[in-house]
Amino acid sequence: MTAVVKQDQVAEHNATQQAGLDADYAALGGMLGRRGVDIEQLTAVAQTFAVALPSWGVGTGGTRFARFAGKGEPRNVVEKMEDCGVIHQLTRATPTVSLHFPWDRTDDPKALREQAASYGLGFDAVNSNTFQDQPGQQHTYKYGSLTAQSAEARAQAVAHNIECIELGKALGSKALTVWVGDGANFPGQHNLRGALERYLDSMRDIYGALPADWQVFIEHKLFEPAFYATTIADWGTSFACAQQLGEKAKCLVDLGHHAPNTNIEMIVARLAQFGKLGGFHFNDSKYGDDDLDSGSINPFQLFLVFNELADAAQRDAALQPAYMLDQSHNVTDPIESLMNSAAEVQRAFVQAALVDRAALRRYQEANDVLQSAQTLKQAYRTDVSPILAMARLRSGGAIDPVAVYRASGYREQAAVRRPAKAGASSSGIV
Ligand code: RM4
Ligand code: MN
Ligand code: MN
């Protein structure tokens, strides 16, 4: 595996941290042992964790109004992969990348695949983009894409999605994620049922182009850019469409795409129960689609989502939803933010594995509400940081990825290697 940051630097850093980590790990191991939990087993579980990086997340995102370019930000997909390589090298928790077309379009998928493989990276779901017009595009998406009144615009959007599948095939992806911004801003603008019928017609064409071993993930979002009536606004609509389309269609839950206070873990439980949980876009938010680092606002919710996933996995060992990050901000270094998010999602995963499920079931059956809640809280309150650090160390990563990254000077060197390109917009959302 090509080391993006010098492996000596990682080793030197780890050497300075190892004694402290060993002491913390032993202390935590003792505490867990008294609860009947084997820390070694949890560390092995932590080492199995993997979440995909969003290629658009390594660019500097925008606010909803402007884009503030960051220093040394990647200007193309090759540079994005390099940044993803650093994240994976140091965290060992992000072995795949989710690409977004046409932002990441490549004429040479073979070369991109090889570059990715050199960093130990593969590709997760590919994303289509029919929420903005591209230079030279024939038909506008101003009034929608898969739901557009214009048959030409719809056909163009379908063709784009099929092209994404083709590119994904060449890269080794196995899924297409479809998020559309289609909807109405004014009452009366859409015949609500008609718009969804057009959506389904378009999706049937896309579904028909899926290879046998592929899935399509339908991503819902409450609002934005359509505010009055977003066509795929909620998990219910997403679920109904996935049912209509067939087995290969599943629902994708982006944590930021719900109204505040929505019980997202219950959505997860429902989708798992009915076999339609396709994957996640992990992030956090205070209001809507804030795209903040995972666990930065509501880490308990993230834990509760993983608690449902652990329960679902016990019932159905074959359940394997795709874990992906989806975030993009401009007030942090995106590489640091993504490393941080990967660790926070991994933390929730490990904490959920700590839940004493047999005890929880007993308390639930006995209607012991207080102890049921405490059983979850006990797992959530356990600081599993030493387990995460040990898992990284044993997998060849850094005990403290952000510290190594900062000490490496990667960003400063990137700023020299990658002078800002006028009009570069392949990264970041705005
Ligand atoms: C959307 C949605 C999609 C992502 C775009 C960039 O809000 O979350 O997943 O592809 O943003
Ligand atoms: Mn998303
Ligand atoms: Mn979003």
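1. In this predicted model, leucine 252 has glycine 279 of strand E10 as its bridge partner, one of the contacts along the central strands, where strands are DSSP runs of type E with at least two residues and helices are runs of H or I with at least four, each numbered from the N terminus. Four bridges join E9 to E10, and the two run parallel; two strands are taken to pair if DSSP finds at least two bridges between them.

2. On the other pairing of strand E9, four bridges join E7 to E9, again in the parallel sense, and phenylalanine 217 stands opposite lysine 250 in E9. Strand E10 (residues 277-282) also pairs with E11 in the parallel sense over four bridges, and within E11 leucine 325 is the bridge partner of phenylalanine 282.

3. Taken together, these strands belong to an open sheet of six with the order E4-E5-E7-E9-E10-E11 and parallel pairing. Strand E4 (126-127) and E11 stand at the edges with a single partner strand each, so one side of each is left without a neighbour in the sheet.

4. Six of the six residues of E9 are buried, so this strand is largely enclosed by the rest of the structure; buried means under 20% relative accessible area, exposed over 50% and partly exposed in between, with a 1.4 Å probe and protein chains only. Ala249, Cys251 and Val253 point one way from E9, whereas Lys250, Leu252 and Asp254 point the other way. In a regular strand the side chains alternate between the two faces of the sheet.

5. Helix H7 (residues 235-245) lies across E7 and strand E9 (249-254), running at about 160 degrees to E9, where axes are lines fitted to C-alpha atoms, for helices over the stretch in contact, and angles run from 0 to 180 degrees between N-to-C directions.

6. The manganese ion (ligand 2) has as its protein donors Glu219 (OE), Asp254 (OD), His281 (ND1) and Asp326 (OD), lying 2.1 to 2.2 Å from the ion; donors are N, O and S atoms within 2.8 Å of the metal (3.2 Å for Na, K and Ca), and since water is not among the atoms, sites may look incomplete. The six donor atoms around this ion subtend angles of 70 to 169 degrees, which makes the arrangement octahedral, a label given to six donors if opposite donors are over 155 degrees apart and all others between 65 and 115. In sequence the donor residues are spaced E-x34-D-x26-H-x44-D. The pair of glutamate 219, in strand E7 (residues 215-219), and aspartate 326, in the loop between strand E11 (322-325) and helix H10 (334-354), links distant parts of the chain, 107 residues apart, and both residues are buried.

7. For the manganese ion (ligand 3), the protein donors are His257 (NE2), Asp289 (OD) and Asp289 (OD), lying 2.2 to 2.6 Å from the ion. Histidine 257 lies in the loop between E9 and helix H8 (264-273) and aspartate 289 in the loop between E10 and helix H9 (299-315), so the pair ties together parts that are 32 residues apart in sequence. Both histidine 257 and aspartate 289 are buried, and 3.9 Å separate this ion from the manganese ion (ligand 2).

8. On conventions, residues are numbered from 1 along each chain as its sequence is written, while chains are lettered from A and ligands numbered from 1 in the order in which they are written. Local features need pLDDT of at least 70 and side-chain atom pairs count only at pLDDT 80 or more, whereas totals for chains, interfaces and linings use all residues, and side-chain values use heavy atoms, with hydrogens and water left out.

Note on methods. Tetrahedral: all angles 85-135°; square planar, octahedral: opposite > 155°, others 65-115°. Contact = heavy atoms within 4.5 Å.
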